[in-house]
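Thank you for making the time this morning. I would like to talk through how the helices pack in this model, and then turn to what lies between them.

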Amino acid sequence: MASPRTVEEIFKDYNARRSALVRALTVEADEVYLQCDPEKENLCLYGHPNESWEVTLPAEEVPPELPEPALGINFARDGMTRKDWLSLVAVHSDSWLLSVGFYFGARLNRNERKRLFSMVNDLPTLFEIVTGRKPVEDKPSADGGSKSRNNTKRSTDGQARSNSKLSYVEDEDEHGDTLCGSCGGNYNADEFWIGCDICERWYHGKCVKITPAKAESIKQYKCPSCSTKKSRH
């Protein structure tokens, strides 16, 4: 079988292996638990592209055809509670799934790798599923603690509107591509930023001397550069 090459093919392979491991660590966890006998040799938990899972010995070939799962998961089984052991296996399996996905994705270009990671990141991790934890969504808190909440622009009639650039910056927060138009620093969700309505560049509030409170009273923000350009005409 040919190795997956495109983003879609790699993600399909990832999702199939992930589905197998989700089943192995949830509805079929009893069987996995029984097969992982500490008296046996080093065992690994594999998820296959046909959505089947397998507890078996690691590949003998060196180097292996693909990155290998965590070795010896059976040895830790009786040294902790079943719940903690399944959580541990889930964490190692998450790591393995990513390593296989990006092994196939090594020849992708930068934008394709971003897209692949975004597709993967939209799915709950095995650890989140096994432990029942809900993924934390990147949303501003209700008390306004997130500085990005203050990156709200106002239209000419004074009504608050969400700036179209805001969603772009929140996405880029994962990649660190958005730079301050003044100091050149990377975007950081823990700092207050404001976007220029004219050139659409983003700035640290501290770099342009704008506080969150002051930003609320600004109907249309013009950065220092755009303000200077207008004064010259």
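The crossing of α1 and α4 is right-handed, where right-handed means that the near helix is turned clockwise from the far one by less than a right angle, and left-handed that it is turned anticlockwise. Helices here are DSSP runs of H or I with at least four residues, and strands are runs of E with at least two, numbered from the N terminus. The axes of α1 and α4 come within 10 Å and cross at roughly 30 degrees, the axes being lines fitted to C-alpha atoms over the stretch in contact, with angles from 0 to 180 degrees between N-to-C directions. The two helices are therefore roughly parallel to each other, a label kept for angles under 35 degrees, while those over 145 count as roughly antiparallel. On the α1 side the contact (heavy atoms within 4.5 Å) is made by Val 7, Glu 8, Ile 10, Phe 11 and Tyr 14, and on the α4 side by Glu 112, Arg 115, Leu 116, Met 119 and Val 120.

I should say that this is a predicted model, in which local features need pLDDT of at least 70 and side-chain atom pairs count only at pLDDT 80 or more, whereas totals for chains, interfaces and linings use all residues. Residues are numbered from 1 along each chain as its sequence is written, and side-chain values use heavy atoms, with hydrogens and water left out.

How do α1 and α3 cross? Their axes come within 10 Å and cross at roughly 165 degrees, which makes α1 roughly antiparallel to α3. This crossing, too, is right-handed, and the residues in contact include Arg 17, Leu 21 and Leu 25 of α1 and Leu 86, Ser 93 and Leu 97 of α3.

Staying with α3, its buried residues (under 20% relative accessible area, 1.4 Å probe, protein chains only) include Trp 85, Asp 94, Trp 96 and Phe 104. What covers the buried residues of α3 includes α1, α2, β1, α4 and α5.

Finally, the largest nonpolar core, meaning buried Ala, Val, Leu, Ile, Met, Phe, Trp, Tyr and Cys residues joined through side-chain atoms within 4.5 Å, has 32 residues, and among those touching the most other members are Leu 25, Val 32 and Trp 53. The largest share of this core, nine residues, comes from α1. Val 32 touches Ala 24, Trp 53, Val 55 and Trp 85, not counting residues up to four places away in sequence.

Notes. Buried means under 20% relative accessible area, exposed over 50%, partly exposed in between (1.4 Å probe, protein chains only). Angles under 35 degrees count as roughly parallel, over 145 as roughly antiparallel, 65 to 115 as roughly perpendicular and the rest as oblique.
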